[in-house]
Structure formats: structure tokens, C-alpha cells
Amino acid sequence: MSRLRSDLPLGVVAAASGAFALAVWIPLDVETGVIDVWRRQTTIGDAMLPTAAAAGLTLAGLLTAASGARAARPAIAKPFAPAFPAALLALLTLSLLLMMWVGPTASALYGPEGASYRELRDTAPWKHLGFVAGGLTMVAGLILLAERRADPGAVLRAALWATIAVVGLIALFDLPFDDLLLPPNGDF
């Protein structure tokens, strides 16, 4: 089956689903908006996460449809590699461990005298350390696993995209809101 026949309909359905969620489902189902301001306090509204997910689905669908419509190329079937699920599990485990323990470990080693991580978890740079370490590892690792290669150029591209993704998430969810704690800081 050609990519044209497989990617184009998939992309169209994904883009249409995301657009439907953005235009109809989220406004009818969610009571608060994307950002909620009440008594001069800005917080994330109930629609923030579903809106971000639906926008991402729409964009991914459009990109998939565009790549499928570009040219009809034969799809190359790659055999299933049993090592892939093991590598994926190891990557996710490492990423989550980094996310959980880089901040507390760094604050214990280099933090102010007598201050616990619980006291520092909402102050820079402590609140970003685990999120950045785990996020960079997870995103770059997933890109490299999906591409099935780890040459220096691929590693550099994956690191660049991971940095853009992690910095974007921090800019979107942490910087505008005073009372939001990035993962895993709410657990400590």
C-alpha cells in the first residue's frame, strides 16, 4: 500500500477530530476557559489541557496529511524488533527517575544550608531541574527510538527538538501561573 493511501486519510481524520474537539466538544463540555482569572489571580482553566491536546492533534493530522499527499511512495515495512519495547520501558523508567530525583538530589548537594527540597520546589532553578533532565531524556530518547538511529547528527537534532519541547512546556505551563508546580514537584 502506498503512503498516499495510508497517510492522507489518517491525517485528514486526525485533523478533523482535533478541529471538532477545539470548535465543538471543548466549548460545550468545559465550564472554564483555557486561562481563568478570578480576583486578579491567574490560574489554568479546565480547558487548558484538552485544548493543547486537540491543537496538537490537529497540527499532527495536518502534517501527516500533507506528507501523505506529497508523493505516493511505497511504504517500507520494518520487522518487529523485540528489543524495542524493552528499550522504550528502560527509557521511560530512566526519564521518570531523573524527573523525580534530580531536583531533590541537587538541592541536597548544592542548595541553601538547612533548606529542604520541599521549601525550594517552587523556586528557580530547583523547580526546573528534574523536569528539564527527565523531559530532555524522554523526548530526545523517544525521537531516537522512533528514528531507529543514533548517529551524531540524529542525536543533535533530537536534543534540539527536546530542548524546544521542554522549554515550550515550561513557558506554557510554568511561567504564566504562580500557583502551578511542574511535575513532579507537587509530589514532594
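Interhelical angles under 35 degrees count as roughly parallel, those over 145 degrees as roughly antiparallel, those from 65 to 115 degrees as roughly perpendicular, and the rest as oblique. In the present structure, which is a predicted model, the axes of helices α5 and α6 cross at roughly 140 degrees and come within 8 Å. The two helices, α5 and α6, are therefore oblique to each other. The crossing in which α5 passes α6 is right-handed.

The contact between these helices draws on residues from both elements. On the α5 side, the participants are Lys127, His128, Phe131, Val132, Gly135, Leu136, Val139, Ala140, Ile143, Leu144 and Glu147. Their counterparts in α6 are Ala154, Val155, Ala158, Ala159, Trp161, Ala162, Thr163, Ala165, Val166, Leu169, Ile170 and Asp174. By residue class, the contact of α5 with α6 comprises 17 nonpolar, three polar and three charged residues.

Three salt bridges are present in the structure. One of them pairs Asp174 with Lys127, with a separation of 3.3 Å between the closest N and O atoms. This pair links distant parts of the chain, since Lys127 belongs to helix α5 (residues 126-147) and Asp174 to helix α6 (residues 152-174), 47 residues apart. Both Lys127 and Asp174 also appear among the residues through which α5 and α6 meet. With respect to solvent accessibility, a residue is taken as buried under 20% relative accessible area. Asp174 counts as buried because its relative accessibility is 2%. Lys127, at 16% relative accessibility, likewise counts as buried.

The remaining ion pairs involve Arg149. In one, Arg149 forms a salt bridge with Glu147, and the closest N and O atoms are 4.0 Å apart. In another, the side chain of Arg149 meets that of Asp151 at an N-to-O distance of 3.3 Å. Through shared partners, these salt bridges join Glu147, Arg149 and Asp151 into one network. Each member of this network is assigned to the partly exposed class: Arg149 has a relative accessible area of 39%, Glu147 has a relative accessibility of 35%, and Asp151 has a relative accessible area of 35%. Glu147 additionally takes part in the contact of α5 with α6.

Note on methods:
Residues are numbered from 1 along each chain as its sequence is written. This is a predicted model: local features need pLDDT of at least 70, side-chain atom pairs count only at pLDDT 80 or more; totals for chains, interfaces and linings use all residues. Side-chain values use heavy atoms; hydrogens and water are left out. Helices (H or I, at least four residues) and strands (E, at least two) are DSSP runs, numbered from the N terminus. Buried means under 20% relative accessible area, exposed over 50%, partly exposed in between (1.4 Å probe, protein chains only). Axes are lines fitted to C-alpha atoms, for helices over the stretch in contact, and angles run from 0 to 180 degrees between N-to-C directions. A crossing is left-handed if the near helix is turned anticlockwise from the far one by less than a right angle, and right-handed if clockwise. Contact means heavy atoms within 4.5 Å. Ala, Val, Leu, Ile, Met, Phe, Trp, Tyr, Cys and Pro count as nonpolar, Asp, Glu, Lys and Arg as charged, and the others, Gly among them, as polar.
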